[in-house]
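Visitor: I am new to this structure and should be grateful for a close look at a single part of it. Please take me through that part step by step, and then relate it to its surroundings.

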Amino acid sequence: MLNNADRKAAHIALDPQGRLWGFDHGLCAHDEPKLRSVLWGWAGQKIPDADVARLQQLHDHLNNGGRRELLSYLDEAEVEELAVRADLLLSDPVFPALPTDRYPLPWPLW
């Protein structure tokens, strides 16, 4: 659900407690849409309830003063786009479908 143009399966890990961790390199908060290639494995599937609950917490925090905290790390356009993405996902908690207007994977693959 983060906006990362270089998200690959090797950039996520499952810890011994079953929590999923993403390894970022500074693109997640970009204010322009980016290709999220690892998510295509879940395209069209419902986002799990536990993740929707965490997304709701983020949404609530952003709309109750939390945006100011992020301005120390991100510019205003990036913070606003994060809020827009949270709103969109909460309105339809389904992983995005494959794009039809472009090749759905980064190229070249290696």
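Guide: A residue is called buried when its relative accessible area is under 20%, exposed when that area is over 50%, and partly exposed in between. The model shown here is a predicted one. The part chosen for the close look is helix α2, which runs over residues 76-91.

Let us begin with the form of this helix. The 16 residues of α2 should span 22 Å at 1.5 Å a residue, and its end C-alpha atoms are 23 Å apart, which agrees. The buried residues of α2 are E78, V79, A83, R85, A86 and L89. These residues lie on the same side of α2, because they cover an arc of only 160° around the axis. On the other side of the helix, E76, L88 and S91 are exposed.

The next matter is what the buried side meets. The buried residues of α2 pack against α1, and the buried residues of α1 pack against α2 in turn. In α1, the buried residues are V52, L55, H59, L62 and G66.

The form of α1 also deserves attention. This helix covers residues 49-70. A straight helix of its 22 residues would reach 32 Å at 1.5 Å a residue, but the end C-alpha atoms of α1 are only 25 Å apart. There is a kink of about 80° in α1, and N64 is at its centre.

The two helices also share in a nonpolar core. In soluble globular proteins, nonpolar side chains tend to be buried together. The largest nonpolar core of this model consists of six residues, namely I47, V52, L55, A86, L89 and F95. At least two residues of this core come from α1, and at least two come from α2. Two core members, A86 and L89, were named above among the buried residues of α2. Likewise, V52 and L55 belong to the core and are buried in α1.

Charged residues come next. Side chains of opposite charge can pair when their charged atoms come close. In α2, the side chains of E81 and R85 meet in a salt bridge, with 3.9 Å from N to O. These two residues are separated by about one helical turn, because they are four residues apart in helix α2. An α-helix has 3.6 residues a turn, so residues three or four places apart point the same way. R85 counts as buried, because its relative accessibility is 12% and the cut-off is under 20%. E81, with a relative accessible area of 23%, is partly exposed.

How many salt bridges does a search of the whole structure find? The search finds five, and two further examples may be set beside the pair in α2. The side chains of R19 and D15 form one of them, at 2.8 Å from N to O. In that pair D15 is buried, with a relative accessible area of 14%, whereas R19 is partly exposed at 44%. The side chains of D49 and K46 also meet in a salt bridge, at 2.5 Å from N to O, and both of these residues are exposed.

Finally, we may follow the chain past the helix. P99 is found in the segment after α2, and at 17% relative accessibility P99 counts as buried. The C-alpha atoms of P99 and W40 are separated by 9.6 Å, although these residues are 59 residues apart along the chain.

Notes: Residues are numbered from 1 along each chain as its sequence is written. This is a predicted model: local features need pLDDT of at least 70, side-chain atom pairs count only at pLDDT 80 or more; totals for chains, interfaces and linings use all residues. Side-chain values use heavy atoms; hydrogens and water are left out. A nonpolar core is a set of buried Ala, Val, Leu, Ile, Met, Phe, Trp, Tyr and Cys residues joined through side-chain atoms within 4.5 Å. Buried means under 20% relative accessible area, exposed over 50%, partly exposed in between (1.4 Å probe, protein chains only). A salt bridge is a side-chain nitrogen of Lys or Arg within 4 Å of a carboxyl oxygen of Asp or Glu. The expected span of a helix is 1.5 Å times one less than its number of residues. The bend at a residue is the angle between axes fitted to the seven residues ending there and the seven starting there. Contact means heavy atoms within 4.5 Å. The arc is that of the directions from the helix axis to the C-beta atoms.
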